[in-house]
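Student: Could you walk me through how to read the features of this model, one at a time? I would like the general idea behind each term and then the case at hand.

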Amino acid sequence: MTHDTPHSTPSESANTPESADVTLYAKHQKIHPRRVFGLFSTLKILSVIILLGIYYITPWLLWNGQQAVLLDLPTRKFHILGLTFWPQDLIYLAFLLIIAGISLFFFTTLAGRLWCGFACPQTVWTDIFLWMERWVEGDRPKRIKLDKSPTSLRKIRIKATKHLLWITFALFTGFTFIGYFSPIRELATDLVHFNLSGWQTFWLLFYSLATYGNAGWLREQVCIYMCPYARFQSAMFDKDTLIIAYDPNRGEPRGPRKKTDDYKQKGLGDCVQCTLCIQVCPTGIDIRDGLQYQCISCSACIDVCNEVMDKMGYPRGLVRYTTENILTGKTATHVFRPRVFVYGGILLSLFIGTGYAIANRPLLELDVIRDRNSLFRENEAGLIENVYTLKVINIDKIAHEYQISAKGIEGLQIKTHRHIQAQPGEVQEIPVRLLIHPEQLKQPSSKVYFTLTALDNPSLHTTEEARFLGPFNR
Ligand code: SF4
Ligand code: SF4
């Protein structure tokens, strides 16, 4: 894999003996990707529409009359498609992150940077911003001409229109983001009445600014200079990984020619040196230089080169999905290899395991918190007393009435003044006292077990361990 930057000025100047000043700073040159048509660009449009559709529509969906996805931070309840998750359920989030990590390994091993080209939020939002830019300013030649033209009223009007569109879209994106954390219908009403809270305003502006900056201004620089995945993905590549590559055996020697020329007679390969593959590239690289970490596998160069091949009457696929081994003639297609099956197997097991765990997660949670003010006390009747607060969480979709019991020491008595009834998703804090005659307390610290049982469904129960403390001279 080569590691040239699109504008490798520093290394070039460093290698020039007569150059006196060596600069480590390469001025950013704006990239104006040309519009491209073809199979992969259609797939990409579909991918952008589906992914952005999911992002913008999801917070508006209802599930049993409630917002289907709502990460309610103040109440620490995360509602996802009828399921309610609590901070105690963070283990599932950990599993989801592991699944995301293994998925990245699996798909990178199988098909290179498929994620970058078609599903990464940076790519998806950059595409939308590029479409808006193209709509307002025109395709590549017009945009280059406009950028080079001196400042004029026309130029200011066109640029202002583009930025207004970008900012409006970025604000809508920021608003939708907040809608995942605050009920979006109330949020919309508050927004219309300029009644958003300080935090809501801050996050709306922050996320909007991040979208505007990343997708409008930084674009490919995020992929090239900021994304860690671009740097470590080569560790997951091998010579059988599916990559987008130019076939030098077919293409070289490259050179211009007329369609009617017998180019083979002239000793030329299939590449007509039209440079369209560079002009459509969103990171501004030349795929003919070999596999580069700046390539985000967007497939634009495949589509445009196929178009050129069609026009010239040559077979398609001078730039195509292939593997290094196929290109060098070492092996035939060998995409499905052991590591793909290993990653796939792990991924499938994690999916099934996490799905099973979520489907069968306990519908009742109990936390026992000891009173921190006193270890124990002796009451008027001479009994040793420990005080606890039981935190009961009803995760079920229906209300339940519960009975609490305690065991672990012979003769243990439980006292609570509260009737425990919890609505779906409700958290109750119940003060509970455990009492025992000092004669029955054999040691200063003993294990006790609280059990909570639903009265209408005894199979719904949970037990939690705690400590009962007494005098130390026993
Ligand atoms: S688009 Fe195809 S033919 Fe044109 S320069 Fe690129 S590789 Fe060569
Ligand atoms: S080299 Fe081709 S696939 Fe890679 S980023 Fe550029 S256009 Fe996309």
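**Helix contacts, ligand shells and local geometry**

Student: Which residues of H5 and H7 meet each other?

Tutor: Two residues are in contact if their C-beta atoms, placed from the backbone, lie within 7 Å. Here Ile128, Phe129, Met132, Glu133, Val136 and Glu137 of H5 meet Ile158, Thr161, Lys162, Leu165, Trp166 and Phe169 of H7. Sorted by class, this contact has eight nonpolar, one polar and three charged residues. In that sorting, Ala, Val, Leu, Ile, Met, Phe, Trp, Tyr, Cys and Pro count as nonpolar, Asp, Glu, Lys and Arg as charged, and the others, Gly among them, as polar.

Student: Before we go on, what should I know about the model and its labels?

Tutor: This is a predicted model, where local features need pLDDT of at least 70 and side-chain atom pairs count only at pLDDT 80 or more, while totals for chains, interfaces and linings use all residues. Residues are numbered from 1 along each chain as its sequence is written, and chains are lettered from A and ligands numbered from 1 in the order in which they are written.

Student: How are H5 and H7 oriented to each other?

Tutor: Helices are DSSP runs (H or I, at least four residues), numbered from the N terminus. Axes are lines fitted to C-alpha atoms, for helices over the stretch in contact, with angles from 0 to 180 degrees between N-to-C directions. H5 (residues 121–137) and H7 (residues 153–179) pack at about 150°, their axes 9 Å apart. The two helices are therefore roughly antiparallel, a label for angles over 145 degrees. H5 passes H7 in a right-handed crossing, that is, with the near helix turned clockwise from the far one by less than a right angle (anticlockwise would be left-handed).

Student: Which crossing does H3 make with H16, left-handed or right-handed?

Tutor: The crossing of H3 and H16 is left-handed. The axes of H3 (residues 90–111) and H16 (residues 338–359) come within 9 Å and cross at roughly 160°. That makes H3 roughly antiparallel to H16. The contact has 15 nonpolar, four polar and one charged residues. Among the residues of H3 that take part are Tyr92, Phe95 and Phe106, and H16 offers residues including Arg339, Tyr343 and Phe351.

Student: What angle do H2 and H14 make?

Tutor: H2 (residues 39–57) packs against H14 at about 145°, with the axes 7 Å apart. Leu39, Phe40 and Ser41 in H2 meet Ala300, Ile302 and Asp303 in H14. That gives four nonpolar, one polar and one charged residues.

Student: How many residues surround ligand 1?

Tutor: A residue belongs to such a shell if its C-beta atom, placed from the backbone, lies within 6 Å of the ligand. Ligand 1 has 16 residues around it, and the closest are Cys271, Cys274, Leu276, Cys277 and Cys305. H13 (276–279) and H14 (300–312) each supply at least two residues of that shell, and H14 gives the most, with three. The shell has 11 nonpolar, three polar and two charged residues.

Student: Which residues come nearest to ligand 2?

Tutor: Of 14 residues around ligand 2, Cys281, Ile287, Cys295, Cys298 and Cys301 come nearest. This shell divides into 11 nonpolar, three polar and no charged residues.

Student: Where should I look for backbone details?

Tutor: Try the loop between H12 (248–251) and H13, where proline 253 sits. The peptide bond from glutamate 252 to proline 253 is cis, with omega near -10°. Threonine 275 is found in the loop between H12 and H13 too, and has a positive phi of about 65° although it is not a glycine.

Student: And how is the chain divided into domains?

Tutor: The bounds come from an automatic or database domain assignment, which gives domain 1 (1–8 + 30–361) and domain 2 (364–469). Their centres, taken over C-alpha atoms, are 53 Å apart. Four residues of domain 1 are in contact with four residues of domain 2.

Terms used:
Angles under 35 degrees count as roughly parallel, over 145 as roughly antiparallel, 65 to 115 as roughly perpendicular and the rest as oblique.
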